[in-house]
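Grab a coffee and work through these three exercises with the structure open beside you. Try each task before reading its solution.

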Amino acid sequence: MVAILGYSRPQILAAVQQMYTAVAEAPGSPFHFPVGAEASRRLGYPPEQLAQLPAEVRDAFAGVGYPFRAEAIHPGDRVLDIGAGAGGDALIARQLTGPQGRVIALDLTAAMTRRLQQVSDRHSFERLGVVQASAEQLPLPDASIDCISSNGALNLIPDKRRAVAEMFRVLKPHGRVQLADVVIHRPVSVDCHEDPRLWVECVVGATVKEELIALFEEAGFEEVTVLGSHDYFALSPSAQTREVAAGFGAHSVEIGMRRGGTTPSWMQRWRRRLDPRRWLRLWHRRGLLGMLAFLLALLSCYGTLALVALLPLLGVHLALDEGLWASAIAAFVLLTLAVVASGLRLHRRPWPVLVSLAGTFLVLYALFVDYSVLVELGGFVLLAGSVVWDIVLRRRWETNVLGLK
């Protein structure tokens, strides 16, 4: 699929609305994403919950997971369902809130809200409000909602930070969120972001999982927890969509969280946004911390050696503490080994760790026992091989555990 440059935000939204208008008007038509009762069953909806829904609601299901796994909805709650679509989740939420609760089903697509309103009128559903609006500008007062539910909506929203801020605004302090959405392992390029056809594939608008979690935490949400994941795109009847999803490592996750008690200040939000731990977590999962530690070991060894050799040419004489120098190299080498060893719990392959152990032994032997440049170089070569091997196995694990290929 070729990306088309220059599409504006309104054009992307129009493409999304056009697609889901088609779902609302003809749910039995073939789509590139799974639609209908069978899709909901395969994503984890209990048969007893589905049996209580009208057939016209089950037939137009277009969610990506089972957000109720978070068990966030309590009796008497006022619930907002963002991206309600045909209304299946909203009607399940209505059952969970009981006679004292109320559910607001909000969707951007006029055809979807019209369809749900007709179903509600036909079946005389009480305590259910249907609203057409954007998640980027929720038509609700501050702190007016006990719980927010969403299923496959956030990945279709261009301004996710604004949508998350709106969710925080309308929730009461310590209010709860349950959502299912599409996430990716590999960020997409700018040209892909500007292609509305790729947005309606439900892939390009998705966020890297760690970044999505960080986005909620930055806004002031707490206890953000991933409760489950699905190879959602394996259910797609479109080979092209399956291929696009596999290329980005796309899958769906179910997440639960709660709103913090106070709104974070701009300084707190920026501190969370710049927190290096969010990047370290991402790099660690991909094994890139091992590569960084290895490069620092090389730099501390041969970079320092080159610096000591070049400085006298500039008239600068540096007294090098060889014990401190060797200790710094050893520290980075051991850190490399530790990162490679941490991959064992994911891919369960001991070979990178064994190679890394051999490389570490050779470098440390050369540093502290009997120096030999060949032994040292051999150790670094083994370490480099172990790091690359670990990264490849981590990527393969991500692919296999999600069944993406």
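A cavity here is a set of grid points where a 1.4 Å probe fits but cannot get out. Keep in mind that this is a predicted model.

**Exercise 1. Find out how many cavities of 30 Å³ or more the structure holds, and describe what lines the largest one.**

Solution.
- Step 1: count them. There are three cavities that reach 30 Å³ or more.
- Step 2: take the largest cavity, which has about 490 Å³ of space in it.
- Step 3: look at its walls. The lining is made up of 33 residues, and Gly83, Ala84, Asp107, Gly152 and Ala153 are the closest to the centre.
- Step 4: sort the lining by element. Helix 1 (9-25), strand 1 (78-82), helix 5 (88-97) and strand 2 (102-107) each give two or more residues. Helix 1 has the largest share, with four residues.
- Step 5: sort the lining by class. You should get 19 nonpolar, nine polar and five charged residues.

**Exercise 2. Work out how helix 14 and helix 15 run relative to each other, and which residues meet.**

Solution.
- Step 1: locate the pair. Helix 14 spans residues 288-310 and helix 15 spans residues 322-342.
- Step 2: get the geometry. Their axes come within 8 Å and cross at roughly 160°.
- Step 3: interpret the angle. Anything over 145 degrees counts as roughly antiparallel, so helix 14 and helix 15 are roughly antiparallel to each other.
- Step 4: check the hand. This crossing is left-handed.
- Step 5: list the contacts. On the helix 14 side they include Leu289, Phe294, Leu296 and Cys301, and on the helix 15 side they include Trp325, Ile329, Phe332 and Val339. By class, the contact between the two has 14 nonpolar, four polar and no charged residues.

**Exercise 3. Do the job again for helix 10 and helix 12: what is the angle, what is the hand of the crossing, and which residues meet?**

Solution.
- Step 1: place them. Helix 10 covers residues 209-219, helix 12 covers residues 266-273, and their axes are 8 Å apart.
- Step 2: read the angle, about 160°. That makes helix 10 roughly antiparallel to helix 12.
- Step 3: check the hand. Helix 10 and helix 12 cross in a right-handed way.
- Step 4: name the partners. Glu217, Glu218 and Ala219 in helix 10 meet Arg269, Arg272 and Arg273 in helix 12.
- Step 5: tally the classes. The contact of helix 10 with helix 12 has one nonpolar, no polar and five charged residues.

Note on methods. Residues numbered from 1 in each chain as written. Predicted model: local features only at pLDDT ≥ 70, side-chain atom pairs only at ≥ 80, totals over all residues. Heavy atoms only, no water. Axes fitted to C-alpha atoms, helices over the stretch in contact; angles between N-to-C directions. Parallel < 35°, antiparallel > 145°, perpendicular 65-115°, else oblique. Left-handed = near helix turned anticlockwise from the far one by under 90°. Contact = heavy atoms within 4.5 Å. Nonpolar A, V, L, I, M, F, W, Y, C, P; charged D, E, K, R; others polar. 1 Å grid on protein atoms, 1.4 Å probe; cavity = no way out; pocket = protein on both sides within 12 Å on 5 of 7 lines; lining within 4 Å. Points joined across faces, edges and corners; volume = space filled by probe spheres on them.
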